[in-house]
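Trainee: Could you take me through one part of this model in detail? I would like to look at a single helix and what surrounds it.

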Amino acid sequence: MRIVIKVGTATLYQNEKLSNRIDNLVEFLVELNKTYEVILVSSGAVGAGYTKLKLNKDNIANKQALASIGQPLLMKEYKIRFEKYNQIVSQVLLTASDFDSRKRTSNAKNMIEVLLKNKVIPIINENDAVSIEEIVFGDNDQLSAYTAYYFDADMLVILSDIDGLYDSNPKENPNAKLLKIVTQIDPELMQAPLNPNDKFATGGIVTKLKAAEFLMDRGIDMFLASGLDLSHIKSFIFDKIHNKGTLFKGNK
C-alpha cells in the first residue's frame, strides 16, 4: 500500500519557530515506512526562510525569496532527524505544471518508483521559488492530491491544525460535530473564504476539501487528521481504529 502524507506549515511551526512536532512526524514516518510505501509532501519552506530573514510575506516576490532560503534549511532539519533512524530521504521539487506534461509526469513517476522500491522516503515540496500557485492558494494541499493520484497512491493523509471536517465551525460552535466519514462534499462548503490559521499557512478547510474532491472523483481515499496529535492517525493506520479525523471515501 502506498500512502502520501502531507504536513502543513502550521503543524511544523509554532510561534515562528520549528516545533518539536517535526520529531514526532519523522518517528511516525519511519515506522510507517516499515510496512507501507511512503511519500511526504511538506510545506514549511517559507516559514523556515523567515527564521533567517524577516521579509514581509504579503509580497509574493518576498515569499518566493523566503522559500528559496528556507527549502535547504527545512531539508537539513529533516535529514538530521531521519539519519537518527538510518532512513534515507530525497528531495523532489515539483510544480503543478509538471503534472500537465505527460513526459514530465512519467519521468517523475519513474524516479519516485525507484526511490520507493529502495525504501527511500521522497520529500516533495512545491517549487515556490519559480511557481506561485500553491504559495498563494493552497499550502501544498492541491499538490499533495496530484501527488497521490499521479504517483498511484492508495490514500492521501493530510496532517493539519484542522483535525477533521465538522458540520459547523467548531471555533464558533462548541456543539459542532465531527464528520468521521464523508462520501459527498456539500458544494456550499467549497465556496467558503480561505481561512488560514497561521501566519505562514495559506490554505484553510476549503483547499483541503478541493483536494479531497479531486481524489474522491478518482476513487482515492483521503484522511484529514490533526498533525498536532498523531495518536489519531496512528490508530487509524496501524490499529484500524477510527477515533478522530475525517475519512473522505473515494467513489470506487
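Mentor: The crossing of helix H2 and helix H4 is right-handed: the near helix is turned clockwise from the far one by less than a right angle, whereas anticlockwise would make the crossing left-handed. This is a predicted model, in which local features need pLDDT of at least 70 and side-chain atom pairs count only at pLDDT 80 or more, while totals for chains, interfaces and linings use all residues. Residues are numbered from 1 along each chain as its sequence is written, and side-chain values use heavy atoms, with hydrogens and water left out.

H4 spans residues 60-83, and H2 packs against H4 at an angle of about 55 degrees, with the two axes 10 Å apart. Axes are lines fitted to C-alpha atoms, for helices over the stretch in contact, and angles between N-to-C directions run from 0 to 180 degrees. H2 and H4 are therefore oblique to each other (under 35 degrees is roughly parallel, over 145 roughly antiparallel, 65 to 115 roughly perpendicular, and the rest oblique). On the H2 side, the contact (heavy atoms within 4.5 Å) is made by Ile-22, Asp-23, Leu-25, Val-26, Leu-29 and Val-30. H4 contributes Glu-77, Tyr-78, Arg-81 and Phe-82. By class, the H2 and H4 contact has seven nonpolar residues, three charged and no polar ones (Ala, Val, Leu, Ile, Met, Phe, Trp, Tyr, Cys and Pro count as nonpolar, Asp, Glu, Lys and Arg as charged, and the others, Gly among them, as polar).

H2 has a further helix partner, H9 (residues 231-238), at an angle of about 5 degrees and with the axes 12 Å apart. That makes H2 roughly parallel to H9. Here Phe-28, Glu-31 and Leu-32 of H2 meet Ile-233, Lys-234, Ile-237 and Phe-238 of H9. Five of these residues are nonpolar, two are charged and none is polar.

Next comes the sheet. Eight strands form an open sheet with mixed pairing, in the order S5-S6-S4-S1-S7-S11-S12-S10. Helices (H or I, at least four residues) and strands (E, at least two) are DSSP runs numbered from the N terminus, and two strands pair if DSSP finds at least two bridges between them. S5 (89-94) and S10 (181-182) are the edge strands, each pairing on one side only. H2, residues 21-33, packs on this sheet and touches S1 (2-7), S4 (37-42), S6 (121-126) and S7 (155-160). The direction of H2 makes about 175 degrees with that of S1.

At one edge, S10 is joined by two bridges to S12 (residues 246-248), and these strands run parallel. One of the bridge partners is Leu-247 in S12, which is matched with Ile-181.

At the other edge, Ser-90 lies in S5. With 14% relative accessibility, Ser-90 counts as buried (buried is under 20% relative accessible area, exposed over 50%, partly exposed in between, with a 1.4 Å probe and protein chains only). Leaving out residues up to four places away in sequence, Ser-90 touches Met-75, Leu-115, Val-120, Ile-121, Pro-122 and Ile-123.

Two loops complete the picture. Asn-86, in the loop between H4 and S5, has a phi near 55 degrees, a positive value in a residue other than glycine. Asn-86 counts as exposed because its relative accessibility is 73%. Lys-119 sits in the loop between H5 (102-117) and S6, and its phi is also positive, near 60 degrees. At 36% relative accessibility, Lys-119 counts as partly exposed.
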